[in-house]
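Here are my notes on the model you sent, set out as numbered points. They begin with side-chain pairing and go on to burial, the surface and the overall fold.

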Amino acid sequence: MKKLLMSLFLLGVVGIASASDDISQSHKNAALELLSTMKMGEQFSGALETSIDAQLKMNPSMARYRQTFLDFYDQYVRWEDVKERFALLYAQNFTESEIEDINDFYSTQTGQKVALLTTKLMEDGMKLGEQLVLENQSELVRMIQEADKQ
């Protein structure tokens, strides 16, 4: 198991290193600037907490470990430690010119509003999804039972 985990880790590191070799420093810098303009660090922290809460809601017996999860993420999954990787994701998926265009949008008042509301909109969207499932839970149970018969 240790060998498997180490192999996966090394593959990930090599994959990140080789992918980043093809991207210019100015492209990486543009992506980092975009992340800053988007206030991605603030969104990242909020999204982690939202994700933890969603997982704990699905598994209430783990709720007493909420602070432990928060402490773990605060220690090992901090924005300062992952922002370079996020920048690389953006640089791999958008040209430098596209990143500059996106940054121009996020530099506007509307763009800043989008940046500030993104996490809340994601939370509200997840709640809406949960509500729709609950409203139609009996149909889901029926469909699962039907699938079991086949």
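1. Lys-120 counts as partly exposed, at 45% relative accessibility, and Asp-124 is likewise partly exposed, with a relative accessible area of 31%. In this model, which is predicted, the side chains of Asp-124 and Lys-120 meet in a salt bridge, with 2.6 Å from N to O. Both residues belong to helix H7, where they stand 4 residues apart, about one turn of the helix. An α-helix has 3.6 residues a turn, so residues three or four places apart point the same way.

2. Elsewhere, Glu-49, Asp-53 and Arg-66 are joined into one network by salt bridges that share partners. Within that group, Arg-66 forms a salt bridge with Glu-49, and the closest N and O atoms are 2.7 Å apart. Since Arg-66 lies in helix H4 (residues 66–76) and Glu-49 in helix H3 (residues 40–58), the pair ties together parts that are 17 residues apart in sequence. Neither partner is buried: Arg-66 is partly exposed, with a relative accessible area of 26%, and Glu-49 is partly exposed as well, with a value of 37%.

3. A further salt bridge pairs Arg-78 with Asp-81, the closest N and O atoms being 3.0 Å apart. Arg-78 is partly exposed, with a relative accessible area of 39%, and Asp-81 also counts as partly exposed, at 41%. How many salt bridges does a search of the whole structure find? The search returns 7, and the pairs described above are among them.

4. Turning to burial, which residues of helix H6 (residues 96–106) are buried? They are Ile-99, Asn-103 and Tyr-106, and because these residues fall within an arc of 60 degrees when seen down the axis of H6, they line one face of the helix. The cover over the buried residues of H6 includes helix H2 (25–37), helix H5 (79–93) and helix H7 (109–135), and H7 is also the helix that holds the Asp-124 and Lys-120 pair.

5. Helix H5, which is part of that cover, has buried residues of its own, namely Trp-79, Val-82, Ala-87, Leu-88, Tyr-90 and Ala-91. The helix has 15 residues and reaches 20 Å from its first C-alpha to its last, which is close to the 21 Å expected at 1.5 Å a residue.

6. On the surface, Met-62, Tyr-65 and Phe-69 form a nonpolar patch, and together they have about 220 Å² of accessible area. Tyr-65 lies in the loop between H3 and H4 and is partly exposed, with a relative accessible area of 31%. H3 and H4 are also the helices that hold Glu-49 and Arg-66, respectively.

7. As for the overall fold, the secondary structure comes to 8 helices and 0 strands, and the pattern read along the sequence is α-α-α-α-α-α-α-α. Among contacts between residues at least 6 apart in sequence, 74% join residues at least 24 apart. Buried residues make up 21% of the 150 residues in the protein, and the protein exposes about 11,100 Å², of which carbon and sulfur atoms supply 59%.

Note on methods: Residues are numbered from 1 along each chain as its sequence is written. This is a predicted model: local features need pLDDT of at least 70, side-chain atom pairs count only at pLDDT 80 or more; totals for chains, interfaces and linings use all residues. Side-chain values use heavy atoms; hydrogens and water are left out. Buried means under 20% relative accessible area, exposed over 50%, partly exposed in between (1.4 Å probe, protein chains only). Helices (H or I, at least four residues) and strands (E, at least two) are DSSP runs, numbered from the N terminus. The arc is that of the directions from the helix axis to the C-beta atoms. Contact means heavy atoms within 4.5 Å. A salt bridge is a side-chain nitrogen of Lys or Arg within 4 Å of a carboxyl oxygen of Asp or Glu. The expected span of a helix is 1.5 Å times one less than its number of residues. Patches are made of residues with over 30% relative accessible area and no salt bridge: like charges are joined within 9 Å, nonpolar side chains (Val, Leu, Ile, Met, Phe, Trp, Tyr) within 5 Å. Accessible areas come from the Shrake-Rupley method with a 1.4 Å probe; for residues, only the protein chains shown count as cover.
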